[in-house]
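Please walk through this protein chain with me, beginning with its overall form and ending with some individual residues.

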Amino acid sequence: MKITTWNVAGLRAMLKKGGWDWVKQHDPDVICLQEIKAMPEQLTEENHQLFAPYKVLWNPAEKKGYSGTLTLVKDQTVKMKKGLGVDRFDHEGRTIQAEFEEFVLFNLYVPNGGRDLGRVPFKLGFYTTLLELCNSYHHAGKQVIICGDINTAHEEIDVHNPRTKHKITGFLPEERAWITKFLSNGLVDSYRALNPEGVQYTYWSYMQNQRGKNQGWRLDYFMVSENLFPGVKDVITHQEVLGSDHCPVTLILE
């Protein structure tokens, strides 16, 4: 099974730039998109036809042009639902759950803490609710895959020039501690487990040609249940794919 996650920084813009041509060529079984900034009615019928033969679930934010997630699955029998079950997080369209026979897949667009750090408590509350939900699935004997824009670089190896980032959201000690907490509760950072010394970023600011200089952050993850991790064959970071300030990442699962 091939699962691809991509923060597209605007679905309509990504489609106009030909991003779906890459998706079609790559042909994943599941596609998890974040920051779609669109509602279904804002796409043309031609755009919607591109998504065939996938089963599609939209979770746009209530606020137009903001946030939102979209999950596309080839298996038409997969059940999907929106949200974490907490209104204050769910109105921003940041979560879609897809229940497969072997696992529950979370498509996530984790909140940013804000330049003034004003939304850091909201972000940490999102992490709290997510971990509680993952733990409940584990206690029920279900495996979990968390994917998407987690919006935190876990270790210094995951961000360019970390010494300058400790007071910036996405690399605050309290944010990084939450990633450690997930990994202490039965989850594995698939890319890092397979590539202990790997330096591959998934996000680059548009400012100062940071992508061209490869001065980025690893913000997009696949965290999988420990019992599921032996089936993970690879995690591929598609740094060559343009069209957003993030690049796609693919999990290959046996």
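The paragraphs below go from the whole chain to a sheet, then to two helices, and last to a few loop residues.

The model is a predicted one, and its chain comprises 7 helices and 12 strands. A compact globule of 254 residues would be expected to have a radius of gyration near 18 Å, and the 17 Å of this chain agrees with that expectation. Taken along the principal axes, the box filled by the C-alpha atoms is roughly 45 × 45 × 35 Å. Of the 254 residues, 57% are buried, and the chain exposes about 11500 Å², of which carbon and sulfur atoms supply 50%. Among the contacts with a separation of 6 or more, 68% are made by residues 24 or more positions apart in the chain.

The sheet is a good place to begin with the details. Six strands form an open sheet with mixed pairing, and reading across it gives the order β3-β4-β2-β1-β12-β11. The edges are taken by β3, residues 55–59, and β11, residues 232–237; each of them has a single partner strand, so one side of each is left without a neighbour in the sheet. From one strand to the next, the twist averages 10°. Within this sheet, strand β1 (residues 2–7) and strand β2 (residues 30–34) run parallel and are joined by 5 bridges, and isoleucine 3 stands opposite valine 30 of β2.

Helix α2, which spans residues 19–26, packs on the sheet, where it touches β1, β2, β4 (69–73) and β12 (249–253), and its direction makes about 165° with that of β1. Which residues of α2 are buried? They are Gly19, Trp20, Trp22, Val23 and His26, and because they cover an arc of only 155° around the axis, they lie on the same side of α2. Asp21, Lys24 and Gln25, in contrast, are exposed on the other side of the helix. The partners against which the buried residues of α2 pack are not limited to strands, for they include the helices α1 (11–16) and α3 (45–50) as well as β1, β2, β4 and β12. After α2 comes aspartate 27, which has a positive phi near 55°.

A second helix can be read in a similar way. In α6, residues 173–183, the buried residues are Glu175, Arg176, Trp178, Ile179 and Phe182. Viewed down the axis of α6, these buried residues fall within an arc of 150°, so they line one face of the helix. The elements that cover them include α5 (120–139), β8 (143–149), β9 (187–189) and β10 (220–225).

The loops hold several residues that deserve a closer look, and one of these is valine 78, in the loop between β4 and β5 (79–82). Is valine 78 buried or exposed? With a relative accessible area of 2%, valine 78 is buried, because residues under 20% are counted in that class. Leaving aside residues up to four places away in sequence, valine 78 touches Lys55, Val73, Ala98, Glu99 and Phe100. The C-alpha atom of valine 78 is also separated by 8.2 Å from that of glutamate 101, although the two residues are 23 residues apart along the chain.

Two further loop residues have backbone angles worth inspecting. Glutamate 35, in the loop between β2 and α3, has a phi near 50°, which is a positive value in a residue other than glycine; its relative accessibility of 15% means that glutamate 35 counts as buried. Serine 67 belongs to the loop between β3 and β4, and its phi, near 55°, is likewise positive in a residue other than glycine. At a relative accessibility of 3%, serine 67 also counts as buried.

Where in the chain does a cis peptide bond join two residues? The bond is the one between alanine 52 and proline 53, with omega about 10°, and proline 53 is found in the loop between α3 and β3.

Technical notes
Residues numbered from 1 in each chain as written. Predicted model: local features only at pLDDT ≥ 70, side-chain atom pairs only at ≥ 80, totals over all residues. Heavy atoms only, no water. Pairing = 2+ DSSP bridges. Helix = DSSP H or I, 4+ residues; strand = E, 2+ residues; numbered from the N terminus. Axes fitted to C-alpha atoms, helices over the stretch in contact; angles between N-to-C directions. Contact = heavy atoms within 4.5 Å. Rg over C-alpha atoms; globule rule 2.2 N^0.38 Å. Buried < 20%, exposed > 50% of the residue type's maximum accessible area, 1.4 Å probe, protein only. Areas by Shrake-Rupley, 256 points an atom, 1.4 Å probe, with all protein chains shown as cover. Arc of directions from axis to C-beta.
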